[in-house]
Amino acid sequence: MIKKYFRDWTKFELSFLIIGLSLAILFTILFKGTIIDMCYTILYFTTALLMSKGKVESYFVGFISVFFYAIVSFNQCYYGELLITIFLTFPIMIIGIVSWIRNQDKEDNTVIINTLSKKEIVIVLISQIVMFWLYYYILKVFNTSLLIISTCSIVTSMLASYFEARRSELSLVSYICNDIILISLWSTPVIQGDITKIPVLLCPTLLLINDIYGTYNWKRIKKKQAQTR
């Protein structure tokens, strides 16, 4: 059963999965991280890798991973990340999972990648530029740490979640931007001396590598689907 599931995984994907999970466990032990931090890193990383392969099960793992990320964010007073998880990520994930289930390539068991109109892309981008200030003032009320970076994280996360639900490869581009922001967000406590947050910092670093690969993989999948149709 397990061997059959990993049949369409490349050597790079399998190696990356094993290395990523091993590093998550090793870093937690070495830097005395918490079990919650380790679970977040393992689950979020697995979610991202499945998503880069266009697998609908990425959403099921993702539902569990965002729960752990909410706890990690709350403990660090990153209320922007907490608000993203509770009020934005969960609702969009529900929409996304319905969209992905309804649009499956049964031959490869991957999502059918969509091409968005330029009008839709422009409207979404403008909406988030406008919403930036709303996010900013809401987070300011909650006395959120690293206010500007946290606000940018919400914007890029919203774009990534929307484009992912719409089955667009722009989701990977948005995730890359979000990964870079999260690296700077979680680097701050590490630089300030909290080495227990290194396992948490590991996650967006792995996600950045994964999402760069994902942009290539989604283009490959999209090209293959176009030729098949």
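This section describes helix α7, the loop that follows it, the salt bridges and a surface patch in a predicted model.

Helix α7 covers residues 147–165. At 1.5 Å a residue, its 19 residues should span 27 Å. The C-alpha atoms at its ends are 27 Å apart, so the expected and modelled spans agree. The helix is mostly covered, with 15 of its 19 residues buried.

The chain then enters the loop between α7 and α8 (170–191), where R167 is placed. R167 comes just after α7 and takes a positive phi of about 65°. Most residues other than glycine have a negative phi. R167 is a residue other than glycine with a positive value. The relative accessibility of R167 is 10%, under the 20% limit, so the residue counts as buried. Despite being buried, R167 has no salt bridge. The nearest side chain of opposite charge is E169, 9.3 Å away. A salt bridge requires a nitrogen-to-oxygen distance within 4 Å. Contacts of R167, leaving aside residues up to four places away in sequence, include S99, W100 and N103. V111, I112, I113 and N114 are also among them, as is W218.

A positive phi is also found at K32, with a value near 55°. K32 belongs to the loop between α2 (11–30) and α3 (35–52). K32 has a relative accessible area of 70% and is therefore exposed. R167, by contrast, is buried.

Side chains of opposite charge can pair when their charged atoms come close. Five salt bridges are counted in the model. One of them joins E13 and K53, with an N to O distance of 2.9 Å. This pair links distant parts of the chain, 40 residues apart. E13 is in helix α2, and K53 is in the loop between α3 and α4 (57–75). E13 has a relative accessible area of 1%, so this residue is buried. K53 has 5% relative accessibility and therefore also counts as buried.

R166 and E120 meet in another salt bridge, at 2.8 Å from N to O. R166 lies in the loop between α7 and α8, while E120 lies in helix α6, so the pair ties together parts 46 residues apart in sequence. The relative accessible area of R166 is 29%, which means that R166 is partly exposed. E120 has a relative accessible area of 16% and is therefore buried.

The loop between α7 and α8 also contributes E169 to a salt bridge with K222. The closest N and O atoms of this pair are 3.1 Å apart. K222 lies in helix α9 (residues 198–228), so the pair ties the helix to a part of the chain 53 residues away in sequence. E169 has 23% relative accessibility and so counts as partly exposed. R166 and E169 thus have salt-bridge partners, E120 and K222. R167 has no salt bridge.

A nonpolar patch lies on the surface. L134, I138, V141 and F142 form this patch. Together they have about 380 Å² of accessible area. L134 is found in helix α6, which covers residues 118–141. Residues three or four places apart in an α-helix point the same way, because the helix has 3.6 residues a turn. L134 has 43% relative accessibility, between the limits of 20% and 50%, and so counts as partly exposed.

How values were computed:
Residues numbered from 1 in each chain as written. Predicted model: local features only at pLDDT ≥ 70, side-chain atom pairs only at ≥ 80, totals over all residues. Heavy atoms only, no water. Helix = DSSP H or I, 4+ residues; strand = E, 2+ residues; numbered from the N terminus. Expected span 1.5 Å × (residues − 1). Buried < 20%, exposed > 50% of the residue type's maximum accessible area, 1.4 Å probe, protein only. Patch = residues over 30% accessible without salt bridge, like charges linked within 9 Å, V, L, I, M, F, W, Y side chains within 5 Å. Areas by Shrake-Rupley, 256 points an atom, 1.4 Å probe, with all protein chains shown as cover. Lys, Arg positive; Asp, Glu negative; His and termini not counted. Contact = heavy atoms within 4.5 Å.
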